[in-house]
Amino acid sequence: MKKLLLVIAFVVVSATATFAQQIAYADSEYILKHIPEYTTAQKQLDDLSKQWQEEVDQKYAEIEKLYQAYQKDQVLLNEDMRRRREDEIVTREKEVKDYQKQKFGFEGDLFKRRTQLMKPIQDRVAKAIQEVATAQGIDFVMDKGNESTFLYANPKLNKSNDVITKLGYKPNPSLAN
């Protein structure tokens, strides 16, 4: 009876091991640092963002000048002139906020440009990850990335360098965190 239970336990453990799923991870940030187009695209986005932010800052500075001039002249203005200047300041502030939202808001110009520049790169990386996983018989590949939820990750399971090689680049360990 003990032998039968032992044989059954061995068969169950062997079957479970046979159906075990292979899991690995890749560090998307590390991979992206190896792609020159990513660095170029990120610089373009940073430059564009800086340019638009300078425009916003300049417009706010103009509004501040209008407000200071209004404060200075307020005692000399009649009610109608005071209201017109206040309306002008409020209108300008609204225009700047609308401009800011148009450029930086959700679905704004910066978001659209980021999607336009980054999507082809992300698609290439995803395809390379899929090819590496398929070639190595891996069932799941997780992203270690910036907001990692790993408490521990065995370095043997890291497939980032394989993905970088698959993309046609040479892994550079100095780019790792």
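Begin with the salt bridges: a search of the whole structure, which is a predicted model, finds 11 of them. Side chains of opposite charge can pair when their charged atoms come close, and the stops below visit several such pairs along the way.

**The whole chain**

Before zooming in, colour the chain by secondary structure, which comes to six helices and two strands, running α-β-α-α-α-α-β-α from the N terminus on. If you then colour by accessibility, buried residues make up 21% of the 177 residues, while the surface that the chain exposes amounts to about 13,100 Å², with carbon and sulfur atoms supplying 56% of it. Contacts may be displayed as well: among those with a separation of 6 or more, residues 24 or more positions apart account for 80%.

**Helix H3**

Select residues 36–73, which are helix H3. Its 38 residues reach 56 Å from the first C-alpha to the last, close to the 56 Å expected at 1.5 Å a residue. Show the side chains of Ala 41, Leu 45, Leu 48, Trp 52, Val 56, Ile 63 and Tyr 70, which are buried in H3; the buried residues of this helix pack against H4 and H5.

**The start of helix H4**

Move next to residues 79–104, helix H4, whose 26 residues should span 38 Å at 1.5 Å a residue, in agreement with the 37 Å between its end C-alpha atoms. At the start of H4, select Asn 78, a side-chain oxygen of which reaches to within 3.1 Å of the backbone nitrogen of Asp 80. Asp 80 also belongs, with Arg 83 and Arg 84, to a network of linked salt bridges.

Add Glu 79 and Arg 82 to the selection, since these two form a salt bridge whose closest N and O atoms are 3.3 Å apart. Both residues lie in helix H4, three residues apart, about one turn of the helix. An α-helix has 3.6 residues a turn, so residues three or four places apart point the same way. Arg 82 is partly exposed, with a relative accessible area of 23%, and Glu 79 is likewise partly exposed, at 48%.

**The buried residues of H4**

Now show Ile 89, Val 96, Tyr 99 and Lys 103, which are buried in H4; the buried residues of this helix pack against helix H3 and helix H5. Centre the view on Ile 89, which counts as buried because its relative accessibility is 8%, below the cut-off of 20%. Not counting residues up to four places away in sequence, Ile 89 touches Ile 63, Leu 66, Tyr 67 and Tyr 70. For a distance label, pick the C-alpha atoms of Ile 89 and Glu 62, which are 9.7 Å apart in space although 27 residues apart in sequence.

**From H4 to H5**

Travel along H4 to Lys 103, which is buried at 11% relative accessibility. The side chain of Lys 103 meets that of Asp 109 in a salt bridge of 3.0 Å, N to O, and this partner, Asp 109, counts as partly exposed at 24%. Leaving aside neighbours within four places in sequence, Lys 103 is in contact with Trp 52, Gly 108, Asp 109 and Leu 110.

In the loop between H4 and H5, select Glu 107. Most residues other than glycine have a negative phi, yet Glu 107, which is not a glycine, has a positive phi of about 65°. At 44% relative accessibility, Glu 107 counts as partly exposed.

**Helix H5**

Select residues 109–136 for helix H5, then show Lys 119 and Asp 123, whose side chains meet in a salt bridge of 3.2 Å, N to O. These two residues both lie in H5, four residues apart, about one turn of the helix. Asp 123 is partly exposed at 41%, as is Lys 119 at 43%.

Turn then to Val 125, also found in helix H5 but buried, with a relative accessible area of 8%. Apart from neighbours within four places in sequence, Val 125 is in contact with Ile 31, Leu 32, Ile 35, Val 163 and Leu 167. From the C-alpha of Val 125 to that of Lys 166 is 9.1 Å in space, across 41 residues of sequence.

**A nonpolar patch**

Finish on the surface with Ile 23, Phe 140 and Met 142, which form a nonpolar patch with about 260 Å² of accessible area together. Ile 23 is found in strand E1, residues 23–26, and is partly exposed, with a relative accessible area of 39%.

Note on methods
Residues numbered from 1 in each chain as written. Predicted model: local features only at pLDDT ≥ 70, side-chain atom pairs only at ≥ 80, totals over all residues. Heavy atoms only, no water. Patch = residues over 30% accessible without salt bridge, like charges linked within 9 Å, V, L, I, M, F, W, Y side chains within 5 Å. Areas by Shrake-Rupley, 256 points an atom, 1.4 Å probe, with all protein chains shown as cover. Salt bridge = Lys/Arg side-chain N within 4 Å of Asp/Glu carboxyl O. Buried < 20%, exposed > 50% of the residue type's maximum accessible area, 1.4 Å probe, protein only. Expected span 1.5 Å × (residues − 1). Contact = heavy atoms within 4.5 Å. Polar contact = N/O pair within 3.5 Å; in protein donor to acceptor, adjacent residues only side chain to side chain.
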